[in-house]
Structure formats: C-alpha cells, structure tokens
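Please look over the structure shown below. The dialogue that follows explains how to read some of its features.

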Amino acid sequence: MTKVVFDEEKCKGCELCVQFCPRKVIVMADRINAKGYHPAVLADEENCISCGICARMCPDAVIEVFKP
Amino acid sequence: MKQVYSVPKSLQPRSTHYCPGCTHGIAHKLVAEAIDDLGVRDRAIGVAPVGCAVFAYDYFDCDFQQAAHGRAPAVATGIKRSVPDSVVFAYQGDGDLASIGAAEIVHAAMRGERITVIFVNNAIYGMTGGQMAPTTLVGQKATTAPFGRQKEHCGSPLRVSEMLATIPGAAYVARVALSSPGNVAKAKTAIRKGFETQLAGGGFSLVECLSTCPTNWGMGPYEAMRWLEENMIPYYPLGEFRTPEGGQNDA
Ligand SMILES: Cc1ncc(C[n+]2csc(CCOP(=O)(O)OP(=O)(O)O)c2C)c(N)n1
Ligand code: SF4
Ligand code: SF4
Ligand code: SF4
Ligand SMILES: [Mg+2]
C-alpha cells in the first residue's frame, strides 16, 4: 500500500494537492479519468512525509493518507 | 500502516457537482468530520440552502431538508424545536444568508435558537453566475458590477459575523478561511465548537467560512485562495467574535 491513496475517479484535477504539498511530490497524470480530468498521483513516495496536507486541502475527498 | 487522514464517514461516497477546486467541498468535509468526531450522525439533521449547495442532501450521510431561499434558519428552528434531541445545522451561502435571508438569520440569532449555521461566504452569487452579493468587496467585479462594486452606489460589504456578535442570543460566532492548510485546521476547530455550543444547549452558533468561487471569480483554484487571503481577510478579519464563555473576543 502506498502512503497516499487517490480515489482517482473522483479527482477533478484542481491541483490544490499539488500546490499545497510541502514536499512537491504530487503530479498530474498524463491519462484522463472518466470525468475527463488529469488525476493527481504520487510521483515520489520516498519523499512523502505523510503529513496529510494534500488530503485536508482536497475539496473532493479524493485522498487518504497513511504513515508507515 | 497507520491512517493519517480518512474520508469522513458522514459524507456519502460520491462525486459532487461543485466546480474543480471549489471550497464548498472543503466546508462539507469539515462539517462531516465534526459530526463524526462528536458521534452525532444519527441525530444530525442538515438544512440545505438555495445556491450551489442546494444538493448538499445528496452529499451528507445524515438526515436533510432543503429550504426556500434564505429560509434555512427558519426551517432549522422548526426542526430543532420539534425534535429537541436532534443536532441541527443550516448550511448557507452569502447570497442566501446575507441578502434574501438577512431577516431569518438575525431573528434566529436573536431568539437564541440552538442551531449551528455554516455560512459559506464566497463574496458572490455562485450558482446564478456571479452576480454581486452584499458581501462582494468594493472594487470586486461581478456580472452586475462589471466595473467592480462601487461604495457610493452599493455601500460597503456586510460583515455578518460582527453584526451577529452584537446579538445576546448568539452564543458562538467565528470567522475562518478555507484558504490554506493552517486556516483549514482552524476552521475545523471552529466548526466543532459551533456544534459543541449547540450540544451544550448554549444557544445560536454560526461559523462564517471565507470561501472561493474560482469559476465566477475567473481564477484558478490556488490563485483564488491567494486572492482570498490578500483581499478578503483584510476586510473580513478572522477570529471568534462571540463565545459561550462570554462576550466578544478577537482571537
Ligand atoms: C426566491 C428566489 N430568488 C432568487 C433565486 C435565484 N438564486 C438562486 S441561487 C442565488 C444566490 C446564490 O448565492 P449564494 O447564496 O452566495 O450561494 P453560492 O452559490 O455562492 O454558494 C439566487 C439569487 C431563487 N432561486 N429563489
Ligand atoms: S502526505 Fe504530505 S508530503 Fe505526502 S503527498 Fe500529501 S501533502 Fe505531500
Ligand atoms: S486536490 Fe483532490 S480533486 Fe484536486 S487534483 Fe488533488 S486529488 Fe484531485
Ligand atoms: S459556481 Fe462557484 S461556488 Fe458554485 S460550485 Fe462553482 S466554484 Fe463553487
Ligand atoms: Mg456565494
């Protein structure tokens, strides 16, 4: 299991998680979801500190965060 | 692995119709988290407004009613008085609460109704396409103020929290901003306090959430949050304006 789990089909590609992530480890995927948005994905799990900020700022309840 | 953040149980597991990056979604999450944390989902009854949040009943996993424009505090009053053990919250926009519903909110506060109001102030009529609200800032553009709100013509924006804090029946009145991780954390605390005030039988509670409408502001979601911090907070200061412990107090 990864530290940050995205419910990809709910993502609206707003990029707030990308902007507020203090480690800048989230990026938008090239693929598009069924809504037609590029979903957010965790690009660098190693540098994620499981702070939960991305999840707190996501308006669409897409993200859940876990700490090893 | 230990879970650091989980989606609140009091939200239904479905997509909302809100625009990408709209802070109505953050407000919904915080209300649902408060309901979860206080363990009151079985007793919670929400009242949805007219405005972008009109379908809130489809997003919360608790009982709900939808009210006519601006009348959510009156409907919430009826629910709370007939089912006193329920935990009742009205969820209202600034057009709904500060314009057509100005009388209802003032009188609900005056009567000290034991309801909690979540007031989403995005300084515009979002649902109808971006008309000027009583809360639109001086100089802020709207479809009905294409050159920006003019003070000479439309007056200065209404500071709802400060106004309601002068009413003795209002037990808890606070303003928060859904614009950064720190401010969202403070908003969570205030919303919880609003519900706790109701649970303690303290009287009327309202939490004003400064919010964004990226679509009608014509900005990206992040840019809109920056705009909120730079333009709304200076006019609409954050803090607790009235607490059950007594009197006005700026935090
Ligand atoms: C009696 C009545 N008057 C006017 C309207 C049109 N109307 C729908 S939503 C709205 C204002 C919504 O703005 P706000 O309350 O700020 O909510 P937002 O969409 O910004 O969250 C208006 C004027 C209506 N539906 N009913
Ligand atoms: S948990 Fe924190 S560090 Fe990890 S992706 Fe989210 S915001 Fe970035
Ligand atoms: S904040 Fe949420 S909706 Fe926005 S891009 Fe990130 S995961 Fe998607
Ligand atoms: S119009 Fe504005 S308030 Fe309504 S959903 Fe879109 S961004 Fe949110
Ligand atoms: Mg509005």
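**Reading the metal site and its surroundings**

Q: Which spacing do the donors of the magnesium ion (ligand 5) follow along the chain?
A: Donors are N, O and S atoms within 2.8 Å of the metal (3.2 Å for Na, K and Ca), and sites may look incomplete because water is not among the atoms. Here the donors of the magnesium ion (ligand 5) follow D-x27-N-x1-I. They are D94(B) (OD), N122(B) (OD1) and I124(B) (O), at 2.0 to 2.2 Å. The model is predicted: local features need pLDDT of at least 70, side-chain atom pairs count only at pLDDT 80 or more, and totals for chains, interfaces and linings use all residues. Residues are numbered from 1 along each chain as its sequence is written, chains are lettered from A and ligands numbered from 1 in the order in which they are written, and side-chain values use heavy atoms, with hydrogens and water left out.

Q: Is N122(B) buried or exposed?
A: Buried means under 20% relative accessible area, exposed over 50%, and partly exposed in between (1.4 Å probe, protein chains only). N122(B) counts as buried because its relative accessibility is 6%. I124(B), at 2%, is buried as well.

Q: Which residues are around ligand 4?
A: A residue is near a molecule or strand if one of its heavy atoms lies within 4 Å of it. Around ligand 4 are residues including C19(B), C22(B), H24(B), C213(B) and the magnesium donor N122(B). By class, this shell has 6 nonpolar, 5 polar and no charged residues; Ala, Val, Leu, Ile, Met, Phe, Trp, Tyr, Cys and Pro count as nonpolar, Asp, Glu, Lys and Arg as charged, and the others, Gly among them, as polar.
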